[in-house]
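Trainee: I'd like a close look at a single part of this model: the surroundings of the ligand. Could you take me through that slowly, and then show me what lies behind it?

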Amino acid sequence: MQKRIIRQVEIEVFQRNELEPAAQQLCRIAEKVRLEAYAPYSRFLVGAALELSNQVILTGNNQENAAYPSGLCAERVALYFAGANYPDTPPVRMAITASHANSEVLEEPAAPCGACLQALHEYESRFGTQLEILLLGKTEVWKVKGLVNLLPFSFNSLEIK
Ligand code: THU
């Protein structure tokens with residue numbers, strides 16, 4: 001071995017009431033929309049609330065399908081709606097919450113899947129901005145400042161140029 005590559009990531013852990021009011025509100029919106037998820041196959045509900053730089057808040061929840069791969073995660077439902085309807089407005093913050101149907105939210109927050117991380121990363125590079133991600137647990141909120149802290153080895157558009 002000639003060298004080793006180490007990239008460190010950082011997540012800040014808060015109690016819900018320590019967050020600024022706008023962030024707490026975004027968390028509540030994500031929780032509300034989680035309950036409307038269409039997840040009859042996995043019975044795993046995910047809600048996402050996305051705040052844009054113009055203060056507009058968009059939501060998404062997971063949408064499943066009998067042909068399983070045709071479903072889509074909550075994060076990308078919200079993100080692609082933003083891309084379709086606010087193509088010039090960067091997203092700045094996303095709150096994400098998950099639970100099993102008929103049960104409380106997960107004790108520890110669930111991180112977005114790899115495909116969603118890559119999709120979120122696309123919006124950071126598209127707008128040259130950083131996205132704050134709030135991952136909701138039962139009592140804690142994990143604040144992630146920038147996708148680099150969840151996906152340190154993202155696929156980059158420079159690699160296809
Ligand atoms: N899911 C999300 O909505 N977001 C993620 O980041 C991971 C998984 C959904 C997809 C599927 O409907 C269910 O959770 C179980 O995987």
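Mentor: Let's settle one term before we start: a polar contact is a pair of N or O atoms within 3.5 Å. Also keep in mind that this is a predicted model, so treat every distance below as a computed value from that prediction.

Start with the ligand's own polar contacts. An oxygen atom of the ligand sits 2.4 Å from an N or O atom in the side chain of Glu 64. The side chain of Asn 62 also offers an N or O atom, 2.9 Å from a ligand oxygen. On the nitrogen side, a ligand nitrogen is 2.8 Å from an N or O atom in the side chain of Glu 75. The protein buries 74% of the 370 Å² that the ligand exposes when taken alone.

Now widen the view to who else is there. Besides Asn 62, Glu 64 and Glu 75, the residues around the ligand are Ser 42, Phe 44, Val 46, Cys 73, Ala 74, Pro 112 and Cys 113. If you put the list next to the secondary structure, Phe 44 and Val 46 fall within the 44-52 range of strand β2. Ala 74 and Glu 75 belong to helix α2, and both are buried.

So what does α2 look like? Its 12 residues should span 16 Å at 1.5 Å a residue, and the end C-alpha atoms are 17 Å apart, which agrees. The rest of its buried residues are Arg 76, Ala 78, Leu 79, Ala 82 and Gly 83. An α-helix has 3.6 residues a turn, so residues three or four places apart point the same way. The partners that the buried residues of α2 pack against are β2, β3 (57-61), β4 and α3.

One spot worth pausing on is Gly 47, in strand β2. Gly 47 is buried, with a relative accessible area of 0%; under 20% is what counts as buried here. Setting aside neighbours within four places in sequence, Gly 47 is in contact with Ala 74, which is also one of the residues around the ligand. Its other contacts of that kind are Ala 30, Val 33, Arg 34, Gly 60, Ala 95, Ile 96 and Thr 97. Glu 31 comes 16 residues apart from Gly 47 along the chain, yet their C-alpha atoms are separated by 6.1 Å.

On the other side of α2's packing comes helix α3, residues 114-127. Cys 113, one of the residues around the ligand, comes just ahead of that range. α3 has 14 residues and reaches 20 Å from its first C-alpha to its last, close to the 20 Å expected. Its buried residues are Cys 116, Leu 117, Ala 119, Leu 120, His 121, Tyr 123 and Glu 124. They pack against α2 (74-85), β4 (91-100) and β5 (132-136). After the helix comes Gly 128, with a positive phi near 65°.

There's a link between α2 and α3 beyond the helices, too. Pro 87 is in the loop between α2 and β4 and is partly exposed, at 36% relative accessible area. Not counting residues up to four places away in sequence, it touches Ala 82, Arg 126 and Phe 127. Ala 82 is on the list of buried α2 residues, while Arg 126 and Phe 127 fall within the range of α3.

Finally, step back to the whole chain. The secondary structure comes to 3 helices and 6 strands, and the elements run β-α-β-β-α-β-α-β-β from the N terminus on. The radius of gyration is 16 Å, close to the 15 Å that the globule rule gives for 161 residues, so the chain is as compact as a globular protein of that length. Buried residues make up 42% of the chain. Of the contacts between residues at least 6 apart in sequence, 66% join residues at least 24 apart. Over the whole chain, about 9200 Å² is exposed, and carbon and sulfur atoms supply 51% of it.

Definitions and conventions. Residues are numbered from 1 along each chain as its sequence is written. This is a predicted model: local features need pLDDT of at least 70, side-chain atom pairs count only at pLDDT 80 or more; totals for chains, interfaces and linings use all residues. Side-chain values use heavy atoms; hydrogens and water are left out. Helices (H or I, at least four residues) and strands (E, at least two) are DSSP runs, numbered from the N terminus. The expected span of a helix is 1.5 Å times one less than its number of residues. Buried means under 20% relative accessible area, exposed over 50%, partly exposed in between (1.4 Å probe, protein chains only). Contact means heavy atoms within 4.5 Å. A residue is near a molecule or strand if one of its heavy atoms lies within 4 Å of it. A polar contact is a pair of N or O atoms within 3.5 Å; within protein, one must be able to donate a hydrogen and the other to accept it, and residues adjacent in sequence count only if both atoms are side-chain atoms. Accessible areas come from the Shrake-Rupley method with a 1.4 Å probe; for residues, only the protein chains shown count as cover. The radius of gyration is taken over C-alpha atoms; the globule rule is 2.2 Å times the number of residues to the power 0.38.
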